[in-house]
Amino acid sequence: PLEATHLASVLIGAAGYLLFQTFQPGVSRAEVSEKQPSKLSGPTLRRGPRPAAARTAAVPASRSGAAVLARGQQCRGPVQASLPLQAPRGLPLQAPPGLIIRSPRLPQPPRAPPSNHSVSVRPVEAPKFGAVGFDAEAKELINRIMPSPEGDVAVANIAALVKRMISPVFPDAEVTGFAHSNLSQGTAFSVAVPEVDIVVAISWSLLSRQLSGRWGQVNKQAGGGQLDTRKLQKAAIRACTDRLVSTGTCKFRRSAFRDGEPKVILVAPGPGDRQGIPVNLSVNASTPLHSAALVTESSRIDPRALELMLLVRRWAKDRGLCHSAKGHLPPYAWSLLAIFYLQVGSTNEHPRLPPLTELKTSLRSMWRNCQPAINMKATTAQPGIETEATSTSVGALFKDFVAFYAQRFDWDSEAVSVRLARHAAPDVCLPVHMVLNTDRTTQVAPSIEDPFNPSCNLGACMTAMSLEHFHQEFQRAHKLCSQDESLTCLLEPWAPPKASGPEYACDEQEHDFEG
C-alpha cells in the first residue's frame, strides 16, 4: 500500500508540471497555415515586419481565427490568414496593424497558340524601279527577268554536272536544262517554285532494266502487262537524288511526287561564289519541253508574247498563285493563260496569236533528238519572220490581261484552249473539275486544256482555298490597275493570313534521301 508521503510526492509533482507548462510560450495555428495554405477564397492577410518588443512575448495557442489575426504581431515568423476577412456591414475591410492584405490570384487568360509565322533572315521585298509610270516599270522589270546568256551557261553547267554524277547509275541518260527567267533576280517563293528545270531523258525499257537490280521488279498494271511509268519515274528520281545528295553535289529541299509529273526540288551550286540555284529535277517529264515549245512558237509570231508570259508568271509567283503543291495552277498553266488572252482577249486589235495546232509534231522531233535547252531570248527576233507592229506596250497588255480574266471571261462555262483559240465551252474530252467549298456547296474550277494532251485539265489540282485566292488576286490586281497604282504595289509579296490552317503551315512531306 502507498504511504502518505508517496501521495504527497505525486501531488507536488503534478502541481509542478502544471506550473511549468503554464509558463511555456504557446504555438499559434497560423504558423501551421503557412505550410498548408487554406483553399478558401477571398483576400488573405500577411503580417509585415514584427516589432522588436513583441519578439519575446508569449502568446497561448487558440483555435479562433479572429484571435490569431488579432495576435498576429505577437506570433513568430510570417503570418498568413487561413480564413477570409469579413468587415461589418457598411464599413470597408481593414487589416489589423502590421498585416498586409493580399488579393487572391485571378485566373490567367489562355495563352495564344504559337504562330506559324517567323521573321525571315533575308526577307523578299517588292521590286523597286527607277522608271516612272506603269509601262516604264513593266519594261524595266522585263529587262531584269529576261533570260540571259549567263543564266543559260549556268543551267548548261548544272545539266552537265547532273549527267556526270548520275552516269554510274544511268550511263545512257541525256540531261537537258531549261531556264525560264533570269537566275540573278531573287523572288518570293524562289525555292518552292524554281525557275530552272533539269530533265533526265532515258528510254523506258532501258530505265526498267537498269533499275530492276537496285529497286526490285517494277510493279505492273493489273491485267495490262505494261510498265507503270509513274512508279518508274519515282524510282529513277530517287536514284538520281541519292547520287546527287550523297556526293554533296546538291542539297535536297523537298519532293513533289503528288504532282502531275513527279519531281524533286534541289539546290544546285551556282557559278563562282554565288548562292545555290533551286532546280526541279524530273525524269522523262514533258511539261518543261511543252513550255519551251509554246514560248518558241508564240514569240516567233509576236515578240511581246514572251514578255507578257514573263510578267504574268512573275506576278503569279510573287502573289502565291503558282505553287502547285498547295493546289494552285502551275507556271505552265499561267503561260497558257497569257497565250489564250493574246488569241481572244484583245478588244482594240485583231487576234495577236493564231490557234496553235502544229506544236505536237515539232515537240516529238525535239524530244526524239534530245536537243539542248531552248534559248527563249534568241527566239524573239528570228530573221525572215515578219511580225505585226503594234503600239501596245507590255504594261498595257498586262492590265488588259487582268481585266479580261477578272471581268470578261466566264470561268464557269468557258475553257482556256490555245488549240482552238475561241470562246467556247470545255471540249467533251476535257473533264470539268468541281471544287467542294466549306459550306458544302460546289464551284467550277478553271478549265485549262493542255494543247499537247486535250484530255488533261490543268485546273484539276485546285482546291476551295486556292480557288478563292485565285479570284481574289485577279480582283485585287484589276482594282490596282484601274487606280493606276505602281508595279511595286502590284508585286508586293503575298503572305498567308495569320489565322491560316495547316495548309499554309507546312509544305509537302520532305523525304530525306541522305539517311
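## Strands β3 and β4

Strand β3 (residues 174-179) pairs with β4 in the antiparallel sense over 6 bridges. Here, helices (H or I, at least four residues) and strands (E, at least two) are DSSP runs, numbered from the N terminus, and two strands pair if DSSP finds at least two bridges between them. Within this pairing, Gly 177 stands opposite Ile 198 in β4. A word on the source: this is a predicted model, in which local features need pLDDT of at least 70 and side-chain atom pairs count only at pLDDT 80 or more, while totals for chains, interfaces and linings use all residues. Residues are numbered from 1 along each chain as its sequence is written, and side-chain values use heavy atoms, with hydrogens and water left out.

## How β4 is enclosed

Why is strand β4 (residues 196-201) largely enclosed by the rest of the structure? The reason is that 6 of the 6 residues of β4 are buried, where buried means under 20% relative accessible area, exposed over 50%, and partly exposed in between (1.4 Å probe, protein chains only).

In a regular strand the side chains alternate between the two faces of the sheet. Both faces of β4 are covered: Val 196, Ile 198 and Val 200 are buried on one side, and Asp 197, Val 199 and Ala 201 are buried on the other.

## From β4 to β7 and on to β6

β4 also pairs with β7, this time in the parallel sense, over 4 bridges. Ile 198, which stands opposite Gly 177 of β3, also stands opposite Leu 281 in β7.

Turning to β6, 5 bridges join this strand to β7 (residues 277-283), and the two run antiparallel. Leu 281 in β7 appears again here, with Val 264 opposite.

## Strand β6 and its hairpin

Strand β6 (residues 263-268) is mostly covered, with 5 of its 6 residues buried. Strand β5 (residues 251-256) is joined to β6 by 5 bridges, and these strands run antiparallel. A hairpin through 6 residues links β5 to β6. One of the bridge partners to look for is Val 267 in β6, which is matched with Lys 251.

## Two loop residues with positive phi

Two loop residues are worth a look for their backbone angles. Ala 421 has a phi near 55°, a positive value in a residue other than glycine. Ala 421 sits in the loop between β8 (415-416) and β9 (434-436), and is buried, with a relative accessible area of 16%.

Arg 440 likewise has a positive phi for a residue other than glycine, near 75°. This arginine lies in the loop between β9 and β10 (442-444). Is Arg 440 buried or exposed? Arg 440 is exposed, with a relative accessible area of 66%.
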